[in-house]
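Thanks for sending this one over. Here are my notes, written to be read with the model open beside you.

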Amino acid sequence: MYNLGISCYYHDSAAALLKDGHVIAAVEEERFSRKKFDDDFPHKAIQWCLDEAGITPDKIDSVAFYDKPVLKFERLLDNYIAVAPRGLYSFLDVIPKWIHKRLWIKNDIKKALKGFKGEIIFPEHHLSHAAHAFYTSPFEESAILTIDGVGEWSTTSYGYASNDSVKITNDIRWPHSLGLFYSAFTYFLGFKVNEGEYKLMGLSSYGKPKYYDLIMENLIDVKNDGSIHLNMEYFAFTYDKVMTSKKFSKLFGIEPKTRDEKTLQIHFDIGASAQKVLEDVILKMVHHIYDKTKMKNLCIGGGVALNGVSNYKILSEGPFENVHIPPSPGDAGSAVGAAQYLYYIYHKNPKDTSDNTQLIQENVYVGPSYTDKEIKVFLDSKNVSYKSFDDTELLQKTAQPIADGNVVGWYQGKMEWGPRALGNRSILADPRRANMKDILNAKIKHRESF
Ligand SMILES: [Fe+2]
């Protein structure tokens with residue numbers, strides 16, 4: 001049975017194909033369009049998935065889209081009514097996109113899959129995250145936590161999963177969002193929302209959490225179970241294109257940082273404070289979930305699960321024995337998650353945990369790969385010079401330049417699933433050299449110094 005999963009129209013559009021529950025192909029549209037975070041319908045990603053499997057659309061049993069667009073649209077309308085007359089410009093910008101495009105996703109899918117006669121389903125946003133977290137894990141049963149900006153209404157949810165069922169028992173709803181709380185600081189400290197959150201995490205390690213109390217007293221009310229309530233006087237994301245209000249700037253005594261402005265100690269300290277609040281709230285959440293579920297395993301999904309520092313805290317200070325986070329816990333990963341929901345929950349197929357090593361590997365290296373012959377044809381067509389080596393020689397020829405302080409691009413096998421380089425499309429450099437981070441940042445990744 002082939003099941004196709006699709007995620008698109010926000011950021012990181014992606015497609016994934018499952019055969020009898022196994023991920024045989026998954027890739028983000030940006031890998032073909034070369035537009036970073038491409039949010040368009042994933043035509044190229046879908047076509048590649050079909051080509052990889054050697055099938056035409058009529059062989060697909062059913063398709064899952066990663067959330068419920070109608071519910072999301074309802075939340076948007078509800079929100080604009082609640083904040084009116086503020087939000088008019090945002091309304092005029094956003095609503096036409098929905099009316100002309102996003103609400104018609106079912107037609108777009110049918111148009112893209114000529115010959116497909118099966119069913120199209122729309123699992124809830126956080127269920128797609130939850131399914132991806134659980135069905136990529138080696139566990140037979142597990143507690144589940146999903147945290148992101150917002151889905152339809154939910155911004156955080158928790159529950160438990162076993163075999164062919166994932167149950168969400170509790171959630172926190174719009175606009176009270178831990179993900180958007182963190183994105184507000186991402187914006188305030190000069191980074192792009194939905195893209196620069198990892199930069200805020202990096203920046204936070206250079207500061208002291210001096211503003212922790214100020215944030216806890218004014219911006220966010222945190223209960224012992226980890227549930228949160230944002231003080232919306234400080235946030236503008238419900239009615240504006242910017243994330244924070246004037247009151248937010250006044251509280252910290254500075255204006256939002258622009259991208260080109262120098263990063264000062266106050267920016268590092270505000271970042272460190274926001275990161276600590278995030279970690280403390282998540283720790284409260286996981287303790288509460290453990291008390292409620294009494295399970296030893298935890299699977300985490302949603303974009304906030306990309307915060308590696310907070311994940312380490314969950315593992316080292318949290319109550320769970322085992323923690324699993326999929327390689328792509330954000331919305332792109334939900335292309336796989338939606339298809340997994342379809343196969344395991346909707347079609348009620350049992351989860352097979354008999355070969356866990358294979359299960360984990362087959363969820364990571366699932367993207368495009370090219371044969372030596374294809375690579376040669378490409379290099380010849382571009383007049384690029386190259387040499388071939390056997391494995392032993394190749395390792396020596398690679399290790400030596402790295403040891404000499406050079407930077408090497410390493411490319412092998414199938415592309416990794418998700419935003420992290422996991423050994424198949426990686427940049428290799430010598431970590432023993434004190435200046436290597438600066439060289440990498442300046443020359444290759446064009447990142448900030450931290
Ligand atoms: Fe999400």
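1. Gly-190, just after α7, takes a positive phi of about 90 degrees. Please keep in mind throughout that this is a predicted model.

2. At the other end of the same helix, look at Ser-177: one of its side-chain oxygens comes to within 3.3 Å of the backbone nitrogen of Gly-179, at the start of α7.

3. How much of α7 is buried? The helix covers residues 178-188, and 10 of its 11 residues are buried, so the rest of the structure largely encloses it. Among the buried ones are the aromatic residues Phe-181, Tyr-182, Phe-185 and Phe-188. Leu-178, Gly-179, Leu-180, Ser-183, Ala-184 and Thr-186 are buried as well.

4. The approach to α7 deserves a look too. Pro-175 sits in the loop between β8 (165-173) and α7, and the peptide bond joining Trp-174 to Pro-175 is cis, with omega about 5 degrees.

5. There is a cis peptide bond from Ala-84 to Pro-85 as well, with omega near 5 degrees. You will find Pro-85 in the loop between α3 (69-83) and α4 (88-100).

6. Which way does phi go at Asn-194? Asn-194 is not a glycine, yet its phi is positive, about 75 degrees. This residue belongs to the loop between α7 and α8 (197-204). With a relative accessible area of 43%, Asn-194 is partly exposed.

7. Arg-34 is another non-glycine residue with a positive phi, here about 60 degrees. Its place is the loop between α1 (30-33) and α2 (43-53). Arg-34 counts as exposed, at 75% relative accessibility, where the cut-off for exposed is over 50%.

8. Now for the chain as a whole. The protein chain has 17 helices and 14 strands. Its radius of gyration is 23 Å, close to the 22 Å that the globule rule gives for 450 residues, so the chain is as compact as a globular protein of that length. The C-alpha trace spans about 60 × 55 × 45 Å along its principal axes.

9. On packing, 51% of the 450 residues are buried. Of the contacts with a separation of 6 or more, 69% are between residues 24 or more positions apart.

10. Finally, the surface and the charges. The protein chain exposes about 21,900 Å², and 52% of that comes from carbon and sulfur atoms. There are 55 positive and 57 negative side chains, and the centres of these two sets lie 4 Å apart.

Definitions and conventions
Residues numbered from 1 in each chain as written. Predicted model: local features only at pLDDT ≥ 70, side-chain atom pairs only at ≥ 80, totals over all residues. Heavy atoms only, no water. Helix = DSSP H or I, 4+ residues; strand = E, 2+ residues; numbered from the N terminus. Rg over C-alpha atoms; globule rule 2.2 N^0.38 Å. Buried < 20%, exposed > 50% of the residue type's maximum accessible area, 1.4 Å probe, protein only. Contact = heavy atoms within 4.5 Å. Areas by Shrake-Rupley, 256 points an atom, 1.4 Å probe, with all protein chains shown as cover. Lys, Arg positive; Asp, Glu negative; His and termini not counted. Charge placed at Lys NZ, Arg CZ, Asp CG, Glu CD. Polar contact = N/O pair within 3.5 Å; in protein donor to acceptor, adjacent residues only side chain to side chain.
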